[in-house]
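Open the model in your viewer and keep the selection box at hand. Each stop below says what to select and what is there.

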Amino acid sequence: MQDFLLTEDELRARGGLKWRKYPPDVLPAFVADLDFKVAPAVQSAFARFVDHQDYVYGMPADLEDLYAAFARWMSRRHAWRPDPALTTATADVVQGVAASLVAYSAPGDGVVVQTPAYPPFLRVVDGTARRLVENPMLIGDRFTLDLDGLQKAASHARVILLCSPHNPTGRVFEKDELRQIAAIAEEHDLTIVSDEIHADITYGTAQHIPMETLAAERTVTLTSATKSFNIPGARAALVHFGSPALKERFDKVFPEHLLGRPSRFGVDATIAAWSDSARWFDDVMQYLARNRALVAEWAASRQRIGHVPPEATFLAWLDCRQLGLPGSPYDFFLESAKVALGDGRDFGGPGIGHVRLNFGTSQEILSEILARMSHALDEV
């Protein structure tokens, strides 16, 4: 057994959403966190607070250390050298999305989103009184951006809200695609708000390209160590601005203390993740790659389930429209298989008839999830 794996009993004993939302006879595969222990250096960072009963105010320099760790990680992993001085810390990425929409657009302005989309994207557009402009992804042998659709959508918007790599489809956008996004944004004078939280989690030859490396003057990047290192409860994320002008505009709208900041626990855990946990992460990626292959083999054996193996993330997007199910696939698998998946209806119109499966768990649990789903389908 890999030393980062947790048993089902251990997972159910924890206090998180994933293993407590549903009754104990349900196996959860919905919310995007990992069923793994954290890296040793991250655990040590948390333990230091407990061992010393250290729950007091931190130092301003703590954030400077966080920004420096972020810049080093991005340089090593993605050949991108973000300027630490152009960085702001927030409590989570969705907060950064909401703040960016407020900073770079006005109520009623259009925000282009590639759908199906991470559900909080859709909610935050509505919650900030902006207008959602959907640009559905195209599907063939792989998911692709509808660049013609993006060109049309851009004329009705002020912001392109990009998820790169894309959640839920797992696409890693190529340089030519990103360049065309940049060109469209420049033509229509749009700001690109790029959520790159899944940037590290790529497979095979897929290589994440930070949007700022191609369009710095109009790109704001949102990221966090929470997906790669399984610490979403630590509540720490970053907003990076591609230019001083973008940061100045943001800071005018959000002066100091208006936005929530990460806790000391999140800051130190994130620094430990980005500074001392690369080997742990590489081991996790090897394990996730095997799980990804297991899901792909299972989907291929079902024939009527559409599935393109994700190029990034630990999430599988399953097209169930050809199964002839009585009702939504989310409801079917929850009721008939006792498996809780992400409901495709939450991801926008193109998500209807789909489910999202989180394969970031032990192979034992994943195999049981897939077996339950197969049994339920065989009974239809």
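## Stop 1: the five-stranded sheet

Select β11 and strand β12, residues 315-319: they pair in the antiparallel sense over two bridges. Keep in mind throughout that this is a predicted model. Next, show the side chains of His307 and Leu318. His307 stands opposite Leu318, which belongs to β12.

Now widen the selection to the open sheet of five strands. Its order is β1-β13-β14-β12-β11, and the pairing is mixed. Which are the edge strands? They are β1 (27-29) and β11 (306-307), and each pairs on one side only.

Add helix α14, residues 363-378. Helix α14 lies across β1, β12, β13 (339-343) and β14 (354-358). Look along β1 to judge the angle: α14 runs at about 100° to that strand.

## Stop 2: the seven-stranded sheet

Move to the open sheet of seven strands. Read the order as β2-β10-β9-β8-β7-β3-β4, again with mixed pairing. The edges are β2 and β4 (131-134), each of which pairs on one side only. Turn the sheet side-on to see the twist, which averages 20° from one strand to the next.

Zoom in on strand β3, residues 110-113. β3 and β4 run parallel and are joined by four bridges. To find your place along the pair, select Val111, which stands opposite Leu132 in β4.

Then bring in α4, which packs on the sheet. α4 touches β2, β3, β7 (159-163), β8 (191-195), β9 (219-223) and β10 (237-241). The direction of α4 makes about 160° with that of β9.

## Stop 3: backbone details

Most residues other than glycine have a negative phi, and most peptide bonds are trans. Three places here are worth a click.

- Thr115 to Pro116: the peptide bond is cis, with omega near 5°. Pro116 sits in the loop between β3 and α5.
- Ser164 to Pro165: a cis peptide bond joins them, and omega is about 0°. Look for Pro165 in the loop between β7 and α7 (175-188).
- Gln53: phi is near 45°, a positive value in a residue other than glycine. Gln53 belongs to the loop between α2 and α3.

## Stop 4: the cavity

Stay with Pro116 and show the space around it. How many cavities of 30 Å³ or more does the structure hold? It holds one. The largest cavity contains about 40 Å³ of space.

Select the lining: Val113, Gln114, Pro116, Ala117, Tyr118, Phe121, Leu161, Cys163, His166 and Asn167. Pro116, the residue after the cis bond from Thr115, is thus one of the lining residues. Colour the lining by class to find seven nonpolar residues, three polar and no charged.

## Stop 5: the pockets

Go to the largest pocket, with a volume of about 1,200 Å³. Its lining has 49 residues, and the closest to the pocket centre are Leu17, Val31, Ala32, Asp33 and Lys227. Centre the view on those five.

Which elements each supply at least two residues of this lining? Select α4 (93-104), α5 (119-127), α9 (226-229) and β13. You have met α4 already, packed on the seven-stranded sheet. Colouring this lining by class gives 26 nonpolar, nine polar and 14 charged residues.

Next comes the second largest pocket, with about 530 Å³ of space. Select Pro60, Leu63, Tyr67, Glu256 and Arg261, the closest to its centre of the 25 lining residues. Elements giving two or more residues to the lining are α3 (61-78), β2 (87-90), α10 (244-253) and α11 (264-276). The largest share, four residues, comes from α3. By class, the lining of this second largest pocket has 13 nonpolar, five polar and seven charged residues.

## Stop 6: a salt bridge

Side chains of opposite charge can pair when their charged atoms come close. Across the whole structure, a search finds 19 salt bridges. Finish with one of them: select Lys18 and Asp35, whose closest N and O atoms are 3.2 Å apart.

Trace the chain on either side. Lys18 is in the loop between α1 (8-12) and β1, and Asp35 is in the loop between β1 and α2 (40-51), so the pair ties together parts that are 17 residues apart in sequence.

Terms used:
Residues numbered from 1 in each chain as written. Predicted model: local features only at pLDDT ≥ 70, side-chain atom pairs only at ≥ 80, totals over all residues. Heavy atoms only, no water. 1 Å grid on protein atoms, 1.4 Å probe; cavity = no way out; pocket = protein on both sides within 12 Å on 5 of 7 lines; lining within 4 Å. Points joined across faces, edges and corners; volume = space filled by probe spheres on them. Nonpolar A, V, L, I, M, F, W, Y, C, P; charged D, E, K, R; others polar. Pairing = 2+ DSSP bridges. Contact = heavy atoms within 4.5 Å. Axes fitted to C-alpha atoms, helices over the stretch in contact; angles between N-to-C directions. Salt bridge = Lys/Arg side-chain N within 4 Å of Asp/Glu carboxyl O.
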